[in-house]
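This briefing introduces the contacts in a protein model. Please look at the sequence and the structure before reading the points.

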Amino acid sequence: MQIMTPIINAIISGIVLGALYAVMSMGLTLIYGVGRMFNFAHGAFIFWGGYFTWFFYSKSQLHYSIAIVLGIVILFLLGLIIDRVMLYSLRKKPDFGIISVLVTLGLAIIMGNAGDVIFGTRIKTIPKVIDGFLKVGDFTITYHDIATLVISVVILLSLELFLRKTTVGTALRAISQDSVGAKIVGINLDRLFAFTLALSAALGGISGVLLAPRFFIAPFVGWETLFKAVVIVIFGGLGSVKGTLLSAFILGTLEAFVSMYMGMFWVAPMWFILLVAVLFIRPKGLFGEWA
Amino acid sequence: MGDYRKIIVILLLLGLLSCPWFSGPYYTHLLIISFIWAVVASAWNLIMGYAGIYSFAQLAFFTVGAYGAGLVEVWLKVSPWFGLLIGGLASAFSGIIIAFPCLRLKGLYICLVTIAFHQVIPIFIKLGAKWTGGDVGLMGMPHYHFLGYHFGDSKMGYYYLGLFLFLLFHILIYKIIRSDIGLAFVALRDSEGFAESLGVDRQRFNLIVFVISAFITGVMGAFYIHYLKVATPRTLEIEIFAAAIMMVVIGGLGRFPGVILGAFFVTFVDEWLRTAGLIRPIIFGGIIIVSIMVFPRGLGGLVESLFQSQNLTSVESSETK
């Protein structure tokens with residue numbers, strides 16, 4: 001029992017991290033599936049999720065839940081605006097793949113630093129969703145972790161239902177399987193792309209709110225989370241929702257064990273080594289298909 | 001037409017050779033930095049613009065070269081001249097390592113794997129802080145000596161060594177672009193299936209371009225740390241990454257002289273914006289977005305379209321010869 005306790009704790013924390021990482025990277029997967037685009041600014045969306053919550057909660061003195069919802073709504077609208085202003089015209093170009101990387105990199109740099117310019121570089125924090133922790137025998141789990149797990153699972157399940165049961169969700173899956181065929185049967189690609197970008201921004205924002213109490217809210221967090229999300233989506237296979245889910249849980253559990261036995265510092269190198277190892281065996285990731 | 005171009009090149013060369021005698025130390029410094037970044041940007045352009053591989057590992061190669069040379073010189077007391085070669089080889093070796101997973105990948109997958117590689121390098125530098133100096137940086141690299149001339153005294157030595165490397169590597173890159181290897185790169189970029197059906201070995205040429213590009217970048221990394229007297233993981237930060245991307249984007253992907261122009265332009269603009277503080281990265285991001293949306297072919301494309309008619313005639317005349 002004495003030996004098992006840390007292992008079970010690590011597994012619990014791995015499951016929580018996995019659910020959180022799945023929400024965090026799902027936006028990247030969805031937008032790749034619909035638009036064959038890699039969104040460099042996804043880390044900035046995650047970071048701004050925490051930032052807006054900080055702004056509305058600490059600065060505007062709104063209720064915590066209202067602050068979160070408001071931030072996510074703004075991110076959704078921001079996604080629509082970014083599509084209309086930047087990506088709409090670029091999407092027609094033949095080398096959109098690399099153009100999207102470069103343009104969203106520029107956007108990520110702007111968004112990453114805009115917060116510091118507007119509100120100053122002082123480190124900002126937001127409180128946990130619920131404070132305190134639960135103790136059952138030898139195992140402890142914080143209420144924030146439980147809330148993270150519940151919220152993440154609810155989001156993932158409703159996303160799955162949305163993709164399976166609704167017309168828009170079916171259209172999204174159709175586009176990611178065959179965009180030309182989807183166009184022929186009359187699916188409006190432009191509108192769905194805008195919607196998906198907005199949805200992925202909102203998903204990133206939610207994960208940012210859940211992540212923020214673990215870190216500070218600072219621009220570098222955006223880049224670190226982007227790195228994690230990148231590893232998760234390639235590991236699972238670009239554009240595959242199933243793959244992203246599975247790889248988020250695998251890498252989350254790996255992170256929990258590595259940080260328990262080797263230290264936080266080793267997490268990123270271990271992720272990278274595992275990623276390269278998987279790509280050697282399956283170049284497209286766990287569930288990936290060639291575009 | 002050919003003579004006209006030669007005269008321009010010779011005038012530019014004479015200008016660069018005589019520059020440090022009247023430009024003062026500040027502009028000499030900026031020119032040295034421009035030489036370094038121009039080579040890095042051109043090596044990046046070789047792999048991304050000509051070979052069409054979306055590799056974002058260029059600054060990782062640069063840093064690996066810098067630390068490869070620095071570590072060997074500081075701990076093994078190797079001559080700094082030899083250090084340039086070691087830096088290039090260390091970087092080429094990392095190029096092979098990162099190329100192997102990339103050989104089987106395509107498009108955005110390569111972009112993402114190389115970004116992951118870029119993100120992992122500073123962590124390894126911090127893990128080996130005992131030798132690399134961690135965040136503070138690696139210091140104590142010896143200075144160059146050449147025929148009794150000591151490089152630490154003024155910027156002159158570094159200027160001419162930088163100019164030498166700048167010219168050497170650009171001639172090399174130009175020769176590669178104009179050779180059969182360069183033709184294979186472009187063929188694989190523009191029509192992969194067709195090129196492969198004609199017997200162009202994609203994996204072999206991808207490996208070649210990774211190694212060449214990494215080697216050149218690594219040598220410049222080694223030179224860079226001698227000039228700045230310190231190697232830090234800061235070369236991997238997003239601001240420098242953005243600046244390097246800007247050079248390629250502003251210069252125009254796949255446009256050889258354009259990217260050199262882009263490197264000089266960005267280095268000088270970067271310096272003038274130093275006082276802008278927090279706004280500076282935002283201006284960078286804005287420049288990247290605007291230049292992609294408004295000038296998708298970059299400075300190189302702009303210059304080309306200005307000289308379009310002359311270019312056409314020069315191609316025709318060289319073909320009729």
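The points below treat the contact between two chains and then the domains of one chain.

The model discussed here is predicted. In the contact between the chains, 35 residues belong to chain A and 33 residues to chain B. Chain B itself is divided into two parts, domain 1 (27-235) and domain 2 (237-310).

**The side of chain A that touches chain B**

- At least two residues of this side are supplied by each of four helices of chain A: helix 3 (64-90), helix 4 (96-119), helix 9 (219-236) and helix 11 (267-281).
- Helix 4 of chain A gives the largest share, with 15 residues.
- By residue class, the side of chain A that touches chain B has 31 nonpolar residues, 3 polar residues and 1 charged residue.

**The two domains of chain B**

- A distance of 20 Å separates the C-alpha centres of domain 1 of chain B and domain 2 of chain B.
- The contact between these domains involves 20 residues from domain 1 of chain B and 19 residues from domain 2 of chain B.

**The side of domain 1 that touches domain 2 in chain B**

- Three elements of chain B give two or more residues to this side, namely helix 1 (2-50), helix 2 (58-76) and helix 6 (156-178).
- The largest share, 13 residues, is contributed by helix 1 of chain B.
- On the side of domain 1 of chain B that touches domain 2 of chain B, 12 residues are nonpolar, 7 are polar and 1 is charged.

Conventions
Residues are numbered from 1 along each chain as its sequence is written. Chains are lettered from A and ligands numbered from 1 in the order in which they are written. This is a predicted model: local features need pLDDT of at least 70, side-chain atom pairs count only at pLDDT 80 or more; totals for chains, interfaces and linings use all residues. Two residues are in contact if their C-beta atoms, placed from the backbone, lie within 7 Å. Ala, Val, Leu, Ile, Met, Phe, Trp, Tyr, Cys and Pro count as nonpolar, Asp, Glu, Lys and Arg as charged, and the others, Gly among them, as polar. Domain bounds come from an automatic or database domain assignment.
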